[in-house]
Amino acid sequence: MIPNLPRLFLWTDKTSISEFFYLDSINRTIYKTLCKVREIPLEELPKPVVIFNEVYYQVTRIEYEHTNPAKLSKIISDVRADMSFQLISELVMTMVYFVFLLIEKHSHPINKTFLALIRERYSECIYWRFFEDCYNKIRKKNIYITYKFVPKPVGAVQLRDKYYDWKAITNNYNSMFLEEVLDLWEGLDDKKEVAILIKESINNLSFEEDYSRFNTFNKILDKYSAYNEENSMVLAEECQQYDYNRFVRKEDAITAGMRTRLQELQSENEKLKALLEKQKSDGTARKFTLVQIADYCKSCIEWGDAKPIVAMLNKFLRGIATAEDINLIDSIEEPFKKGRYVNNFYAPVGQHIDQVDKIENY
């Protein structure tokens, strides 16, 4: 099994398109094709660096997870949530497909059925022929992407103020998963930081009196966390004891990330209470069906009126949408996609395409 990792554990977003040029020279050619795509009068696209970040994250994730066909719908759902709209998700998935074909050496064998499903789903979209032509030109030169799509997590210190369910990430503190997660970071300081964060997540019920597994857990984490001079004495002392209460977090030691998570849970609780509330006297329990929301969006004359609602739906339905839900949301975009009411606003492209300093702010 492979850990189910958050995005920040797999990819650190680049801040400029030039950084992708440094990763691999082929990205310049892909970028030029993206510039041509941006001239299509259908949708205002995000900046190229945003699109490239999403593509590189998804390819890294697919490589790391050895993704099989059954997981394609989850990936598409995440792309839609990240990119907000069907049209942009089509662009990202098209780029993902051709980037995969251009990788010189994969970390794991490519699942051909998985790629075939992407082709089947997106080969008729408006972006496909652009990147297919791009792919063919690159292949005629007999060159490949040499960049290794291995996890590039953010610095571990950036995880301090966020909540992560370390128990779930490490499959209930399984030793194999612990090693796998810690190995995502190359630097010793980062490993130490992550080890300490995992240690702090332990409570007195985590091991259910399994002293042997508790010992293994400590030995793995203390390989890294004990190197921290400031904490080594405390952690070494904890490692020698089997009193699980020592790992219970004190109220005044709750991190900012835990407090944020508590607020999120409280907010979710209020939403659930509203849904269960029979009386609608204050309006908090009023509900609208997805069909009603979709019908409202379809009645909009301007895409700009429906656009933020569609983005909200894609975000809220991340990972839980059924095929029927997705089809219904897609039906909102269809008339606008065909250019009936779309807003035609695009950044200029072309004349400075080879001048990195002038194009990376597009």
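Among contacts in the protein chain between residues at least 6 apart in sequence, what percentage join residues at least 24 apart? In this predicted model, the share is 76%. The protein chain holds 17 helices and zero strands. Of its 362 residues, 43% count as buried.

The nonpolar interior was examined next. The largest nonpolar core has 86 residues, and within this core Phe9, Phe131 and Trp166 touch the most other members. Helix α5 (residues 86–102) supplies the largest share of the core, namely twelve residues. As a general tendency, nonpolar side chains in soluble globular proteins are buried together. With residues up to four places away in sequence left out, Trp166 touches Phe9, Leu159, Tyr173, Val181, Val194, Leu197, Ile198 and Ser201. Phe9 thus appears both among the core members with the most contacts and among the residues touched by Trp166.

Two of the residues touched by Trp166, Ser201 and Tyr173, were considered in further detail. Ser201 is placed in the loop between α10 (188–200) and α11. With a relative accessible area of 24%, Ser201 is partly exposed, because this value falls between the limits of 20% for buried and 50% for exposed residues. Ser201 and Trp166 are 35 residues apart along the chain, and their C-alpha atoms are separated by 6.8 Å. Not counting residues up to four places away in sequence, Ser201 touches Trp166 and Tyr173. Tyr173 lies in the loop between α8 and α9 (175–182), and its relative accessible area of 3% makes Tyr173 buried. The backbone of Tyr173 has a positive phi of about 60°, although the residue is not a glycine.

A positive phi is also found at Asn142, a residue other than glycine, where the angle is near 60°. Asn142 lies in the loop between α7 and α8 (166–169). Whereas Tyr173 is buried at 3%, Asn142 is exposed, with a relative accessible area of 56%.

Empty space inside the structure was then surveyed. Rolling a probe the size of a water molecule over the atoms shows where such space is left. A search of the whole structure finds two cavities of 30 Å³ or more. The largest cavity contains about 50 Å³ of space. Its lining consists of Ile30, Met95, Phe98, Val99, Leu102, Phe131, Cys134 and Tyr135. Two elements, α5 and α7 (128–140), give two or more residues to this lining. The most is given by α5, with four residues. By class, the lining comprises eight nonpolar, no polar and no charged residues. Helix α5 therefore contributes the most to the lining of the largest cavity, and helix α5 also gives the largest share of the nonpolar core. Phe131 likewise has a place in both settings, as a lining residue of the largest cavity and as one of the core members that touch the most others.

Aromatic side chains were analysed as pairs and clusters. The count comes to 16 aromatic pairs. In one of them, the ring centres of Phe21 and Tyr31 are 5.6 Å apart and the ring planes meet at 75°, so the pair is edge-to-face. This pair links distant parts of the chain, ten residues apart, with Phe21 in helix α1 (residues 17–23) and Tyr31 in helix α2 (residues 26–37). Phe21 counts as buried because its relative accessibility is 6%, and Tyr31 is buried with a relative accessible area of 1%. Another pair, formed by Tyr97 and Trp128, is tilted, with 4.9 Å from centre to centre and 40° between the planes. Here too the pair links distant parts of the chain, since Tyr97 belongs to helix α5 and Trp128 to helix α7, 31 residues apart. Both partners are buried: the relative accessible area is 7% for Tyr97 and 3% for Trp128. In addition, Trp11, Phe20, Phe52, Tyr56, Tyr147 and Phe149 form one aromatic cluster.

A further position was examined in helix α11 (residues 211–225), where Lys219 lies. Lys219 is exposed because its relative accessible area, 59%, is over 50%. The C-alpha atoms of Lys219 and Ser175 are separated by 9.6 Å, and the two residues are 44 residues apart along the chain.

Conventions:
Residues numbered from 1 in each chain as written. Predicted model: local features only at pLDDT ≥ 70, side-chain atom pairs only at ≥ 80, totals over all residues. Heavy atoms only, no water. Core = buried A, V, L, I, M, F, W, Y, C linked by side-chain atoms within 4.5 Å. Buried < 20%, exposed > 50% of the residue type's maximum accessible area, 1.4 Å probe, protein only. Contact = heavy atoms within 4.5 Å. 1 Å grid on protein atoms, 1.4 Å probe; cavity = no way out; pocket = protein on both sides within 12 Å on 5 of 7 lines; lining within 4 Å. Points joined across faces, edges and corners; volume = space filled by probe spheres on them. Nonpolar A, V, L, I, M, F, W, Y, C, P; charged D, E, K, R; others polar. Phe/Tyr/Trp six-rings, centres within 6.5 Å; stacked < 30°, edge-to-face > 60°.
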